[in-house]
Amino acid sequence: MRVAVIGAQGQLGSDVVKVLRQAGSYEVLPFDHSQLDCAEQVSVRRALFEAQPEAVVNTAAFVRVDDAEDRPEETFRTNAIGALHVASVCAEIGSLCVYISTDYVFNGEKNGPYTEEDVPCPVNVYGESKLAGEYLVRRSSLRWLIVRVAGLFGSAGAHAKGGNFVETILARAEREKKLRVVDDVRTSPTYTSDAAEVIERLIGEKATGIFHVANEGSCTWHEFARKILELAAIDVEVERISSTDSPAKARRPANSALTSVRLSPPLRPWRDALKAYLDERGQTARGSALSRDCKQALT
């Protein structure tokens, strides 16, 4: 099967490319932003009509949540209109359209993790743009697969953000004697390598519909930070703080944990995935750039 991956150099996209190639049954066509700009219809049509893939995985996105509040046009242009461009071409050439969405399509008011059956209700521009992208993919594609992910961390880091939360914690722990981390916002930390393996399986099974793809379990950012330092054997105090002590331009859902009622078996627990990530990164993954979007969880 010929599979195109848009955003192939990103944190998730790079692992999707890697996993597909390792599977051995795919011809993988990676596209970075310079080769395919999903916000430009001409760029999308030219690249995908020439490639003629049987499936397209669209991981490209405007992911800077706070910046999105000041730049809604740019955010929607990439996350919604870009998704429409890709989905429309997929319909023309008969390809499966795989759109990567987010836990931020939910408002965070549920007591427990969100499933595929819950009704989205975003509370910020980023979440609104991704939900709009979901709707446009569903309306425009003949065959579509929407994959919602949460709290991603991967070896490539998030290029637009300058790292990921794990690397941010490790980098700050090298410089500071005490960290202050939000303890009233809950997520489902997800290893991009694990998410990529599920995406490959879903493509191979010709699955369609909405799937939540996140490592099992959930935690607050404070709990996540403490586990990172524990596994990396770094002795730094981590103080609990409220999200009101670390104000951000964009509102975050208080609980955006994800679980799936469609996936079987589920992904491994997030603690096991984190350990695997740290092992792959040489235990500590030190020296990475500080993630700008992680600053809202740390002060």
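What follows is a walk through a predicted model, from its sheet to the helices packed on the sheet and then to single residues in strands, helices and loops.

The sheet comes first. Six strands form it, in the order β2-β1-β3-β4-β5-β10, and the sheet is open with parallel pairing. The edge positions are taken by β2 (27-31) and β10, and because each of these has a single partner strand, one side of each is left without a neighbour in the sheet. Between neighbouring strands of this sheet the average turn is 20 degrees, direction ignored.

One pairing within the sheet can be followed in detail. Strand β5 (residues 143-149) runs parallel to β4, and seven bridges join the two. Among the residues involved is V98, whose bridge partner in β5 is L145. Two helices pack on the sheet. Helix α2 (residues 41-51) touches β1 (2-6), β2 and β3 (55-58), and the direction of α2 makes about 165 degrees with that of β2. Helix α4 (residues 72-93) touches β1, β3 and β4, and its direction makes about 165 degrees with that of β4.

These two helices also pack on each other. The axes of α2 and α4 are 9 Å apart, and the packing angle is about 35 degrees. The crossing of α2 with α4 is right-handed. On the α2 side the contact is made by Q41, V44, R45, L48 and F49, and on the α4 side by H85, V86, V89, E92 and I93. By character, the residues of this contact comprise six nonpolar, two polar and two charged.

Strand β4 (residues 96-102) contains I100. With a relative accessible area of 6%, I100 falls under the 20% limit and is therefore buried. Leaving aside residues up to four places away in sequence, I100 touches L12, V57, N58, T59, K130, V147, V149 and I199. The C-alpha atom of I100 is separated by 33 Å from that of E239, a residue 139 places away along the chain.

Helix α6 (residues 165-175) holds F165. Its relative accessibility is 5%, so F165 counts as buried. From F165 to R201 the C-alpha separation is 27 Å, and the two residues are 36 apart in sequence.

In the loop between β10 (209-212) and β11 (219-220) lies N215. Is N215 buried or exposed? Its relative accessible area is 0%, so N215 is buried. What does its side chain meet there? One polar contact, at 3.0 Å, is made with the side chain of D194. A polar atom of the N215 side chain also lies 3.0 Å from the backbone oxygen of R268. Residues up to four places away in sequence not counted, N215 touches S188, P189, T190, Y191, D194, L267, R268, P269, W270 and A273.

Helix α8 (residues 221-231) has W221, H222, F224, A225, K227, I228 and L229 as its buried residues. After α8 comes A233, with a positive phi near 55 degrees. This residue belongs to the loop between α8 and β12. Unlike the buried residues listed for α8, A233 is exposed, because its relative accessible area is 70%, and the limit for exposed is over 50%.

The backbone of A233 leads to a last topic. Most residues other than glycine have a negative phi, and most peptide bonds are trans. A233 is a residue other than glycine with a positive phi. Q52, which is not a glycine either, has a positive phi of about 50 degrees. Q52 lies in the loop between α2 and β3. With a relative accessibility of 40%, Q52 counts as partly exposed.

The peptide bond from S264 to P265 is cis, and its omega is near 0 degrees. P265 is placed in the loop between β12 (237-241) and α9 (270-280).

Terms used
Residues are numbered from 1 along each chain as its sequence is written. This is a predicted model: local features need pLDDT of at least 70, side-chain atom pairs count only at pLDDT 80 or more; totals for chains, interfaces and linings use all residues. Side-chain values use heavy atoms; hydrogens and water are left out. Buried means under 20% relative accessible area, exposed over 50%, partly exposed in between (1.4 Å probe, protein chains only). Helices (H or I, at least four residues) and strands (E, at least two) are DSSP runs, numbered from the N terminus. A polar contact is a pair of N or O atoms within 3.5 Å; within protein, one must be able to donate a hydrogen and the other to accept it, and residues adjacent in sequence count only if both atoms are side-chain atoms. Contact means heavy atoms within 4.5 Å. Two strands pair if DSSP finds at least two bridges between them. Axes are lines fitted to C-alpha atoms, for helices over the stretch in contact, and angles run from 0 to 180 degrees between N-to-C directions. A crossing is left-handed if the near helix is turned anticlockwise from the far one by less than a right angle, and right-handed if clockwise. Ala, Val, Leu, Ile, Met, Phe, Trp, Tyr, Cys and Pro count as nonpolar, Asp, Glu, Lys and Arg as charged, and the others, Gly among them, as polar.
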